[in-house]
Amino acid sequence: MTVVRHSYFMTIRHVRELLRQPWWIAVTLVQPVIWLLLFGALFKNVVNIPGFNSTNYIEFLAPGVIVMTALFASGWGGMPLIDDIERGVTDRFLVSPVKRTALISGRLVHSSLTIAIQSVIIVVLALIDGAAFAGGFGGVVVMIAVAILLGASFGALSNGLALLARREETLIAIMNFVLLPLTFLSSAFMQQNLIPTWMQHVADFNPVNWAVVAGRSAVSANPDWGLIASRAGFLVALLLVCLAFATRAFRTYQRSV
Amino acid sequence: MWYKSTMLMESGTKIESSGAVVVEAMIEAEGLVKTYGKRDKAVRALGGLSFRARRGTVFALLGPNGAGKSTAVKILTTLTRPDEGQALVAGTDVVAYPDRVRRTIGVVSQGTGVDIQATGRENLRLQGQLYGMRGRRLEERASELLERFGLADAADRIARGYSGGMRRRLDIAMSLVHDPQVLFLDEPTTGLDPEVRADMWDQIAALASEQDKTVLLTTHYLEEADQLAARVAIVDRGKVVAEGTPEELKSELRGDAVYVELAEPAVDGAVRDALAPIAGVREVAVDGRALRARAEDGGRAVPSVLQALEARGIEVLSVRVARPSLDDVYLRYAGRTFQEAESEETEVKK
């Protein structure tokens with residue numbers, strides 16, 4: 001399987017960069033930690049709203065913050081590709097026999113590893129701050145897995161857009177327009193039946209919400225496995241679409257160079 | 001399409017008059033057309049570019065920036081597709097079988113393709129892995145190339161700290177890792193210091209003398225094409241306007257250039273009248289104090305030219321005779337000097 005081998009070579013390339021500057025993980029964690037600890041403290045009393053099902057806001061918030069971290073890290077995933085394009089590295093790969101899919105999947109495997117590490121850190125912080133995660137170890141693994149699925153989808157999307165736009169400014173503009181609204185149009189911060197009705201409807205079609213709902217259910221005392229499986233299924237479908245888009249984007253890119 | 005490709009193959013494979021030596025055309029471009037952008041924003045980069053490079057030679061595409069050289073290389077190396085025309089590398093159609101072509105070529109593109117966050121050795125290793133190399137063979141090949149291109153000491157340093165010349169040498173080493181039959185060097189010395197450039201010329205010349213390697217070199221340095229290439233195609237506005245060995249191209253201009261520096265500005269007509277009777281002196285032109293003419297045999301014409309000018313009372317400060325340069329050739333075929341073309345193209349880009 002050439003694709004797998006090439007993906008492995010590309011993953012090594014990106015992971016090596018990560019190992020050479022591990023402090024980068026700490027930098028990318030600043031924001032989620034602020035969300036978890038400060039936002040968590042600020043809205044601590046949300047749990048007192050009648051109808052709110054959780055008794056600990058940190059525990060409620062943690063899956064949202066993990067999904068949000070995965071979403072943002074992946075949304076900006078196209079930036080290093082633009083760097084590669086500008087430096088001529090991408091063109092060099094494209095005139096070699098490397099599989100196009102590997103050029104994307106190598107990046108996605110790398111960002112998935114990063115998301116996994118960040119998620120574990122957030123989980124530990126949440127536990128220290130009083131979260132219980134009744135779903136246990138298995139539930140936490142599933143929660144991180146759905147976050148990675150969402151991250152991989154947006155990573156592929158971001159890489160595809162990078163190939164089409166080839167300008168950092170364009171990618172920044174698009175992602176700014178997409179990432180935060182998607183986060184707020186979900187149940188990341190507030191129970192879905194307590195947000196405005198129109199938002200509840202939008203959230204049902206929002207991939208970010210699929211990941212939040214599935215992750216939160218997985219770590220709860222009574223996981224709804226049917227719900228988790230369906231949302232995970234939606235995310236897998238989304239990932240396949242985004243992968244196809246990113247791979248096709250190479251064709252458009254090659255026509256225009 | 002098959003018949004077209006067969007025809008190209010046949011015409012590219014010639015039997016030399018000296019005997020039954022079969023010389024293959026390793027790179028063949030036939031009527032390549034490429035336009036970027038759409039409608040009123042469209043820019044035609046190639047307008048029917050054709051040439052043929054023989055196995056084991058250095059072939060140069062010479063032209064100013066924006067002439068279409070890089071676009072031609074991008075098509076021939078499978079990076080992009082032509083709108084029209086056909087391109088074969090080692091007899092394989094680049095559009096129909098890009099993967100096959102990719103295995104036979106090495107590419108050094110304009111700028112650099114070095115991953116500056118990895119070491120020189122890691123760059124080489126990854127490149128080799130993509131061509132299916134592995135293990136001891138790959139490690140040995142990487143070390144050999146690092147040694148050959150003077151990068152052995154820097155091999156395990158991050159390429160971010162390399163100088164421009166070092167990155168360029170690493171680029172070339174990477175293009176050679178899988179020992180390709182055909183090598184594309186797109187502006188390999190642009191942006192390098194003169195000293196580093198001379199060193200790079202030695203490296204390229206050494207590559208060319210290696211058995212059976214065909215090198216396509218693009219350059220906008222006249223002396224680079226003159227020095228390195230067995231054959232040169234002059235490219236202007238997306239087309240080949242002249243092709244031949246550097247000597248052939250220069251000799252087509254028939255004769256040497258004679259440059260005379262006058263003490264005072266002279267009238268064009270007076271000078272022309274003075275020199276008209278001298279056999280073998282043509283194309284006399286005066287611009288202020290500079291007189292330019294062409295002579296069958298420059299050395300022999302100088303005494304008569306000086307005599308004729310003196311007879312008319314035109315004082316001469318200096319005389320210089322030069323074999324025609326590729327610059328002259330360019331002027332003849334493109335209808336403008338190289339410098340003019342360069343500045344025009346830069347203006348177009350703005």
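This passage walks through a predicted model of two protein chains, A and B.

A good place to begin is the overall build of chain B. Its fold contains 13 helices and 16 strands, and its C-alpha atoms fill a box of roughly 80 × 55 × 50 Å along the principal axes. Of the 350 residues in chain B, 49% are buried. When contacts in chain B between residues at least 6 apart in sequence are considered, 68% of them join residues at least 24 apart.

We can next turn to the place where the two chains meet. The size of an interface is often given as the accessible area lost when the parts come together. For chain B and chain A this buried area is about 2500 Å², and carbon and sulfur atoms give 52% of it. Three residues, B:Leu79, B:Gln117 and B:Leu130, supply 27% of the area that chain B buries against chain A, which is more than any other three residues. Counted by residues, 30 from chain B are in contact with 25 from chain A.

Polar and charged groups also take part in this interface. The rule finds 13 residue pairs in polar contact across it, both residues being at pLDDT 80 or more. On the side of chain B that touches chain A, strand E3 (25-36), helix H3 (98-104), strand E8 (105-108) and helix H4 (120-130) each supply at least two residues. The largest share, six residues, comes from H4(B). Sorted by class, this side of chain B has 12 nonpolar, 10 polar and eight charged residues. Three salt bridges are found across the interface as well.

One residue worth following in the structure is A:Arg13, which lies in helix H1 (residues 2-20) of chain A. Is A:Arg13 buried or exposed? With a relative accessible area of 3%, A:Arg13 falls under the 20% cut-off and therefore counts as buried. The side chain of A:Arg13 forms a salt bridge with that of B:Asp115, at 2.7 Å from N to O. Beyond its neighbours within four places in sequence, A:Arg13 is in contact with residues of both chains: A:Asp84, A:Val89, A:Phe93 and A:Arg107, together with B:Asp115 and B:Leu126.

The nonpolar interior comes next. The largest nonpolar core has 108 residues, and those with the most contacts inside it are A:Tyr57, B:Ile27, B:Phe51, B:Phe184 and B:Leu216. Helix H7 (residues 136-165) of chain A gives the most to this core, with 13 residues. Leaving aside neighbours within four places in sequence, B:Leu216 is in contact with several residues, including B:Ile27, B:Phe51, B:Phe59, B:Val73 and B:Phe184. A second, separate core of 49 residues includes B:Met133, B:Phe149, B:Met166 and B:Val329.

B:Val329 also leads to helix H12 (residues 326-334) of chain B, where B:Leu326, B:Asp328, B:Val329, B:Tyr330 and B:Ala334 are buried. Just after H12(B), B:Gly335 takes a positive phi of about 75°.

Positive phi values also turn up in residues other than glycine. A:Phe133, although not a glycine, has a positive phi of about 50°. This residue sits in the loop between helix H6 (100-128) and H7 of chain A, and A:Phe133 is buried, with a relative accessible area of 5%. In chain B, the phi of B:Asp179 is near 55°, again a positive value. B:Asp179 is found in the loop between helix H6 (164-176) and strand E9 (182-186).

Key: Residues are numbered from 1 along each chain as its sequence is written. Chains are lettered from A and ligands numbered from 1 in the order in which they are written. This is a predicted model: local features need pLDDT of at least 70, side-chain atom pairs count only at pLDDT 80 or more; totals for chains, interfaces and linings use all residues. Side-chain values use heavy atoms; hydrogens and water are left out. Contact means heavy atoms within 4.5 Å. Buried area is the accessible area (1.4 Å probe) that two parts lose on being put together, summed over both. A salt bridge is a side-chain nitrogen of Lys or Arg within 4 Å of a carboxyl oxygen of Asp or Glu. A polar contact is a pair of N or O atoms within 3.5 Å; within protein, one must be able to donate a hydrogen and the other to accept it, and residues adjacent in sequence count only if both atoms are side-chain atoms. Helices (H or I, at least four residues) and strands (E, at least two) are DSSP runs, numbered from the N terminus. Ala, Val, Leu, Ile, Met, Phe, Trp, Tyr, Cys and Pro count as nonpolar, Asp, Glu, Lys and Arg as charged, and the others, Gly among them, as polar. A nonpolar core is a set of buried Ala, Val, Leu, Ile, Met, Phe, Trp, Tyr and Cys residues joined through side-chain atoms within 4.5 Å. Buried means under 20% relative accessible area, exposed over 50%, partly exposed in between (1.4 Å probe, protein chains only).
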